[in-house]
Amino acid sequence: MVGTDEATTCVGLVIRNPESGMISVAHVDSPDIVEIGITQMLSSIVDSKYAILDVHLVGGFNDVSHQVSANFSNCVFKVFIR
């Protein structure tokens, strides 16, 4: 079991490779580290260019005034869409 806490405006990211069973978990608290963080996570669990992955975002809240959580989530989505 793994976890993260105090993810108010932050986002927990879990990536699992169902073929190998490898899992990587991150606590994303800055949009500046999203791309490099995901690249590092993927390098540890993906063996080929094309892999089927389970990806889960956890945490954050609807911070209407500042949109911090939405910005983190959007950064994560953009990396996976490329």
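## Helix H1 and its two sides

Which exposed residues does H1 carry on the face turned away from its buried side? In this predicted model, they are Gln40 and Ser43.

Now for the other side. The buried residues of H1 are Val34, Ile38, Met41 and Ile45. Looking down the helix axis, these buried residues fit within an arc of 60°, so they line one face of H1. As for what sits over them, the cover includes two strands, S1 (11-16) and S2 (23-28), along with helix H2 (68-81).

## Checking the length of H1

H1 covers residues 34-45, which makes 12 residues. At 1.5 Å a residue, a helix like that should span 16 Å. The C-alpha atoms at the ends of H1 are 17 Å apart, so the model agrees with the expected span.

## The cysteines

How many disulfides turn up in a search of the whole structure? The count is zero. Take cysteine 10: its closest cysteine sulfur belongs to cysteine 75 and lies 13 Å away, which is too far for a bond, since a disulfide needs the two sulfur atoms within 2.5 Å. Cysteine 75 is likewise in no disulfide, with the sulfur of cysteine 10 as its nearest cysteine sulfur.

Are these cysteines buried or exposed, or partly exposed? Cysteine 10 has a relative accessible area of 12%, so it counts as buried, the cut-off being under 20%. Cysteine 75 comes out at 24%, which makes it partly exposed.

How values were computed
Residues are numbered from 1 along each chain as its sequence is written. This is a predicted model: local features need pLDDT of at least 70, side-chain atom pairs count only at pLDDT 80 or more; totals for chains, interfaces and linings use all residues. Side-chain values use heavy atoms; hydrogens and water are left out. Buried means under 20% relative accessible area, exposed over 50%, partly exposed in between (1.4 Å probe, protein chains only). Helices (H or I, at least four residues) and strands (E, at least two) are DSSP runs, numbered from the N terminus. The expected span of a helix is 1.5 Å times one less than its number of residues. The arc is that of the directions from the helix axis to the C-beta atoms. Contact means heavy atoms within 4.5 Å.
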